[in-house]
Amino acid sequence: MTVRTRFAPSPTGYLHVGGARTALFSWLHARKHGGRFILRIEDTDLERSTAESVDAILQGMIWLGLEYDEGPFYQTQRFPRYKEVIQQMLAQGHAYHCYCSKERLEQLRTEQMARKEKPRYDGKCRHGVPQPPPGVAPVVRFKNPLEGTVVVEDMVRGRVTFQNSELDDLIIARGDASPTYNFSVVVDDMDMRITHVIRGDDHLNNTPRQMNMLKALGFTPPVYAHVPMILGPDGARLSKRHGAVSVMQYREDGFLPEALLNYLARLGWSHGDQEVFSIDEMIALFDVTKVHSSPAAFNPEKLLWLNQHYIKNGDLQHLAHHLSYHLGKLGIDPAAGGPDIAAVIQAQRERAKTLAEMAGNSAFFYKDFDAYDPKDAAAHLKPPAEKPLTELRERLVALALWEAQAIHEAVIGVADAQGLKLGKIAQPLRVAVAGRAVSPPIDVTLTLVGRDKTLQRLNAALEYIRNQTVAA
């Protein structure tokens, strides 16, 4: 048997971390067992489904690298198939037309709740309606078994048993003949030969109904795994204030996809004490039966730690691909001029937690800054710095090779000649060249900025100092 899993989001919003984790678990299970991963867009909610949400889901999947083997399939394109199966169920006696009005159903619900009973349909039309009321477009209901149990052997929660007597005859087609969610899912899982359904535990109560419909259609239900929800650090349901934003917002904020995937994999699943997993390790080690049945807490600091780990240890060319996006947001094309982006990453990777932070800290390598950091300029670009910076400029102009060792020796030489500590030269120089007092080691910084820009910015800094002296 070929393992076939699916991710089936509703395009009523962005792809959030909960959905991304479900997709990841389904993808890992398929990849581990040499199976197929199917993407299905459940867009039957015509009022809320949007093309923008579909695009956001697809972009999120691409960025995360969760490639699907089949799809995307759209439920709105399968309406003729749903209609065909509904007619089949009606003909076989597994479904029936219901003419009950909304008013009757509401009254029935009110009376049942007053008696402290579980609200459900009472089966009035289950055995046929001799004289259907004229002008009424009936809904179609599934004829759920009245006796027995439905046993879900859940890969996460273990055995869960439901009494058929507690399940009512749910509507599978509305009065306008459009299929309902639970019915569409059943037909899709059957037609797509889904063997394993990994989804949020908010769907658990739908499972016995879906299993009964699948059995009525002569199809063996898939194996289910209902994953618990993700909570915020405070124990409340995960929301935007906790970081439940679009997956693509994490890209905008400078996270690497492998960091987010690694973090999501560890939300409710573990393999000993290991924290960092490559994609190949996740595929080899992931076991859905080892997913915890209790909710997992989202920890933004842990995600940030993982992201920093991948920045520090990631392949330079891979990081360059992702950093280029963030430099582009700052109006910088690293391929159009300036230092090699891989060299910039090598210089900056130890001091950045996100790629957005790295891009902001590295912009001065590629384009001139508009102004000095006010505090740093006030502390370091003062009249006493003019003489050492002037001498340093002369030494830098005379360098035969513009490389780190020669630059380092020039800076040390000026400090020795002037009787100054290294910081008294390096910090004013750093502000002059980078616009602020924080950068990689000064020799590396100047090497990356380049001879022409370094001398140009030194001239500007000296003029800035002289103007201060005149103003004073």
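Select Met61 first: in this predicted model, leaving aside residues up to four places away in sequence, Met61 touches Phe7, Leu15, Ala23, Phe37, Leu39, Leu66 and Tyr68. Keep Met61 displayed and add Leu24, Phe298, Leu396 and Leu429, since these five are the residues that touch the most other members of the largest nonpolar core, which holds 102 residues. Next, colour helix H1, residues 17–32, which contributes eight residues to this core, the largest share of it.

Then move to a second core, separate from the one just visited, which consists of 31 residues; Met89, Leu90, Val187 and Val197 are among them and serve as a convenient selection.

For the next stop, select strand S6, residues 149–154, together with strand S7, residues 158–163, which run antiparallel and are joined by six bridges. Thr149 can be picked out here, and its bridge partner in S7 is Gln163, while the connection from S6 to S7 is a hairpin that passes through three residues.

Finally, zoom out to the whole protein, where 19 helices and twelve strands can be coloured by type. Viewed along its principal axes, the C-alpha trace spans about 105 × 45 × 40 Å, and the radius of gyration is 32 Å, whereas a compact globule of 472 residues would have one near 23 Å. With a surface displayed, about 22,400 Å² is exposed, 52% of it supplied by carbon and sulfur atoms, and 50% of the 472 residues count as buried. If contacts are drawn as well, those between residues 24 or more positions apart make up 76% of the contacts with a separation of 6 or more.

Note on methods: Residues are numbered from 1 along each chain as its sequence is written. This is a predicted model: local features need pLDDT of at least 70, side-chain atom pairs count only at pLDDT 80 or more; totals for chains, interfaces and linings use all residues. Side-chain values use heavy atoms; hydrogens and water are left out. A nonpolar core is a set of buried Ala, Val, Leu, Ile, Met, Phe, Trp, Tyr and Cys residues joined through side-chain atoms within 4.5 Å. Buried means under 20% relative accessible area, exposed over 50%, partly exposed in between (1.4 Å probe, protein chains only). Helices (H or I, at least four residues) and strands (E, at least two) are DSSP runs, numbered from the N terminus. Contact means heavy atoms within 4.5 Å. Two strands pair if DSSP finds at least two bridges between them. The radius of gyration is taken over C-alpha atoms; the globule rule is 2.2 Å times the number of residues to the power 0.38. Accessible areas come from the Shrake-Rupley method with a 1.4 Å probe; for residues, only the protein chains shown count as cover.
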